[in-house]
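Student: I am new to this structure and would like a close look at a single part of it. Could you take me to the metal site and then show me what lies around it?

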Amino acid sequence: MRPAKKNIQNGSICILGIPFDQNSSFLKGPSLAPKRIRESYFSESSNLWSEKGLDLGSIKNLYDLGDIDFKKDTDDFTRITNSVKNILNKNCHLICLGGDHSVTFPIIEAYAQQYDHLNILHLDAHPDLYDSLKGNIHSHACPFARIMEKKLAARLVQVGIRTMNGLQREQAQKFGVEVMEMKDGNIQLDELEFEGPVYLSLDLDCLDPAFAPGVSHHEPGGMTTRQVIDIIHQVKGKIIGADIVEYNPDRDIFSMTSMVAAKLLKEIITRIYEDTI
Ligand code: MN
Ligand code: MN
């Protein structure tokens, strides 16, 4: 992952930071995440090889595009959509580092223009299907309601869910969301099969707080780091893009969670590299 020069080559894998937490309902902090995840990615406590045997330090066409600059006048979501669109137009594959989970809606608005029959695999403790939360329709608790009502995804499959309530169960039924709840036992990797492009949206609170304490919403009963890596390795389909969201450095302990985020990033880059190049 090297800083991008002026012109990135077509077909590259790109990393883009989205330092944005204006739609967090409980705590701020995820705007600090991209910088910290990058630091852990390059930490000398580990190395740049993924588990699958790819040396990420040596592959070409892997670029860090830096962070979106939100200081200018444009609407924040429009800025996110346009930034993503510019990258996808070059046939590049993008992994966004959030940011709170609200950023996934403007990201997917760009993907839906680029890909037909887009599937979304969403790992999270929360279904994020509220019509609105605290009067905010763009809360980080709402992105998948916005995505589904605009019909931006052919399928939405959620894994790791353990906060389902009546309202959100109704929303899941209304939108035809396929939900694998933690209460139902082992995640059936065999059932994670997609036709067509797959976008992976990875909210770090899908992990149990024991594995990833650096998130705003500690929800016990979650996945292990191993389970999430196994999903990244084994899901059947073609992963064409991803986000890693909701890392909150203010809640982290000795960078434990940013190391988890960085490791998952390495495995996702490898999966996209294998699937697309
Ligand atoms: Mn979420
Ligand atoms: Mn969540």
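Tutor: Here is a walk through the metal site, followed by the loops, helices and rings of the rest of the chain. Please keep in mind that this is a predicted model.

Let us start with the manganese ion (ligand 1). Its protein donors are His101 (ND1), Asp124 (OD), Asp128 (OD) and Asp203 (OD), at 2.1 to 2.3 Å from the ion. If you follow these donors along the chain, their spacing reads H-x22-D-x3-D-x74-D. Distant parts of the chain are linked here: His101 belongs to the loop between E4 and H3, while Asp128 belongs to the loop between E5 and H4, and the two are 27 residues apart. Both His101 and Asp128 are buried.

Now turn to the manganese ion (ligand 2). How far apart are the manganese ion (ligand 1) and the manganese ion (ligand 2), and which residue coordinates both? The distance is 3.3 Å, and the shared residue is Asp124. Around the manganese ion (ligand 2) you will find Asp124 (OD), His126 (ND1), Asp203 (OD) and Asp205, which is listed twice through OD, with distances of 2.2 to 2.4 Å. The spacing of these donor residues in sequence is D-x1-H-x76-D-x1-D. Again distant parts of the chain are linked: His126 sits in the loop between E5 and H4, and Asp205 in the loop between strand E8 (193-203) and helix H6 (225-234), 79 residues apart. His126 counts as buried because its relative accessibility is 15%, under the 20% limit. Asp205 is buried too, with a relative accessible area of 3%.

The loop that holds His101 has another feature worth finding. A cis peptide bond, with omega of about 10°, joins Gly98 and Gly99. Gly99 is in the loop between strand E4 (93-97) and helix H3 (104-114). Why point this out? Most peptide bonds are trans, and most residues other than glycine have a negative phi. With that in mind, look at His117, which is not a glycine and yet has a positive phi of about 50°. His117 lies in the loop between H3 and strand E5 (119-123). Lys151, also not a glycine, has a positive phi of about 55°. You will find Lys151 in the loop between helix H4 (143-149) and strand E6 (155-161), where this lysine counts as exposed at 72% relative accessibility.

Helix H4 also holds Arg146. Is Arg146 buried or exposed? Arg146 is buried, as its relative accessible area is 4%. The side chain of Arg146 makes a polar contact of 2.6 Å with the side chain of Glu149. Beyond its neighbours within four places in sequence, Arg146 is in contact with Phe105, Tyr130, Asp131, Ile137 and His138.

Phe105 brings us to the aromatic rings. The whole structure has six aromatic pairs. One of them joins Phe20 and Phe70, a tilted pair with 5.2 Å from centre to centre and 45° between the planes. Phe20 lies in the loop between strand E2 (13-17) and helix H1 (33-41), and Phe70 in the loop between strand E3 (62-67) and helix H2 (76-88), so the pair ties together parts that are 50 residues apart in sequence. Both rings belong to buried residues: Phe20 has a relative accessibility of 5%, and Phe70 has one of 18%. Together with Phe77 and Phe105, these two residues form one aromatic cluster.

Another pair is made by Tyr41 and Phe42, and it is edge-to-face because the ring centres are 4.9 Å apart and the planes stand at 75°. Tyr41 is buried, at 1% relative accessibility, whereas Phe42 is partly exposed, at 42%. The charged end of Lys266 sits over the ring of Tyr41, 5.5 Å from its centre.

Finally, Tyr41 leads us to helix H1. The buried residues of H1 are Ala33, Pro34, Ile37, Arg38, Ser40 and Tyr41. Viewed down the axis of H1, these residues fall within an arc of 165°, so they line one face of the helix. Among the elements that cover the buried residues of H1 are E2, E3, E4 and helix H7 (256-276).

Conventions: Residues numbered from 1 in each chain as written. Chains lettered and ligands numbered in written order. Predicted model: local features only at pLDDT ≥ 70, side-chain atom pairs only at ≥ 80, totals over all residues. Heavy atoms only, no water. Helix = DSSP H or I, 4+ residues; strand = E, 2+ residues; numbered from the N terminus. Buried < 20%, exposed > 50% of the residue type's maximum accessible area, 1.4 Å probe, protein only. Polar contact = N/O pair within 3.5 Å; in protein donor to acceptor, adjacent residues only side chain to side chain. Contact = heavy atoms within 4.5 Å. Donors = N, O, S within 2.8 Å, 3.2 Å for Na, K, Ca; no water. Phe/Tyr/Trp six-rings, centres within 6.5 Å; stacked < 30°, edge-to-face > 60°. Lys NZ or Arg CZ within 6 Å of the ring centre and 35° of its normal. Arc of directions from axis to C-beta.
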